[in-house]
Amino acid sequence: MRRIAVCPGSFDPITLGHIDIIKRASKLFDKVIVLISANAAKTTSFSYTERLDFIERATPDLDNVVIDILDGLLAEYVKDVGAIAIVKGLRAVSDFEYEFQMALANKKLYEGAETVFLTTSAENMYLSSSVVKQIASFGGDISHFVPSCVLEDIKTRLVKEIKNEY
Ligand code: PNS
């Protein structure tokens, strides 16, 4: 039996913290689907296609990782693809309540999969897409936070976004 895991998130944009979790998940499961999903509580800066392109370019060496886009319920997707796990990264206690709530809701919607939390590596504890966006939009250096192959594209887009606001 192929053990499939889904690694969902906004990935707006992908960070080195996400890459770390995806890489570690790819060692634990036969196949990992990185699922770019809508978070009703967030407005995004990058389109689904841009986010997919960034993740694709940042994970060329991960043979058992595929990327997909979801505009619906995660639990239904997980059931449809026959995944046994939802993998999420957990940075700090502050993440826990929200992630715990989602894990319980997803379990209620579909009992067939477990949510598995991977603790973020120490160097990525503070890292999030919103931190990256804040720094980049004011011209700061984000080279330590995002994959180098997509760095310039992320910077260009975010600087353009902030210029359009003025
Ligand atoms: O990276 P994020 O924004 O913390 O990821 C949250 C995400 C996208 C995984 C979550 O909002 C989600 O699962 N969205 C898909 C729609 C859904 O199923 N929502 C109910 C989750 S309990």
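## Ligand shell and largest pocket

The residues of the shell around the ligand comprise seven nonpolar, six polar and two charged. The model is a predicted one, and the ligand takes up the space of its largest pocket. This briefing covers the ligand shell, the polar contacts, the pocket lining and the loop between strand 1 and helix 1.

**Shell around the ligand**

- The ligand is surrounded by 15 residues, of which S10, A38, N39, K42 and L74 come nearest.
- Helix 4 provides the largest share of this shell, with four residues.
- Strand 1 and helix 4 each contribute at least two residues to the shell.

**Polar contacts and cover**

- At A38, a polar backbone atom is 2.9 Å from a nitrogen atom of the ligand.
- At N39, the contact is made through the side chain, where an N or O atom is 2.8 Å from an oxygen atom of the ligand.
- At K42, a polar side-chain atom lies 2.7 Å from an oxygen atom of the ligand.
- On its own the ligand has 540 Å² of accessible area, and the protein covers 82% of it.

**The largest pocket**

- The volume of the largest pocket is about 1,100 Å³.
- This pocket is lined by 44 residues, and those closest to its centre are G9, S10, K42, K88 and Y98.
- Two or more lining residues come from each of strand 1 (4-9), helix 1 (16-28), strand 4 (85-90), helix 4 (93-109) and helix 5 (129-137).
- Helix 4 gives the largest share of the lining, nine residues.
- By residue class, the lining divides into 18 nonpolar, 19 polar and seven charged residues.
- S10 and K42 are among the residues closest to the pocket centre, and both are also among those that come nearest to the ligand.
- Helix 4 thus supplies the largest share of the pocket lining and also the largest share of the ligand shell.

**Backbone geometry between strand 1 and helix 1**

- Most residues other than glycine have a negative phi, and most peptide bonds are trans.
- F11, which is not a glycine, has a positive phi of about 50 degrees.
- F11 is placed in the loop between strand 1 and helix 1.
- The peptide bond that joins D12 and P13 is cis, with an omega of about 5 degrees.
- P13 likewise has its place in the loop between strand 1 and helix 1.
- Strand 1 and helix 1, the elements on either side of this loop, each give two or more residues to the lining of the largest pocket.

Note on methods: Residues are numbered from 1 along each chain as its sequence is written. This is a predicted model: local features need pLDDT of at least 70, side-chain atom pairs count only at pLDDT 80 or more; totals for chains, interfaces and linings use all residues. Side-chain values use heavy atoms; hydrogens and water are left out. On a 1 Å grid over the protein atoms alone, a cavity is a set of points where a 1.4 Å probe fits but cannot get out, and a pocket is an open set with protein on both sides within 12 Å along at least five of seven lines; lining residues have an atom within 4 Å of a point. Grid points are joined across faces, edges and corners, and a volume is the space filled by probe spheres set on the points. Ala, Val, Leu, Ile, Met, Phe, Trp, Tyr, Cys and Pro count as nonpolar, Asp, Glu, Lys and Arg as charged, and the others, Gly among them, as polar. A residue is near a molecule or strand if one of its heavy atoms lies within 4 Å of it. A polar contact is a pair of N or O atoms within 3.5 Å; within protein, one must be able to donate a hydrogen and the other to accept it, and residues adjacent in sequence count only if both atoms are side-chain atoms. Accessible areas come from the Shrake-Rupley method with a 1.4 Å probe; for residues, only the protein chains shown count as cover. A molecule sits in a cavity or pocket if more than half of its atoms lie within 2 Å of its grid points.
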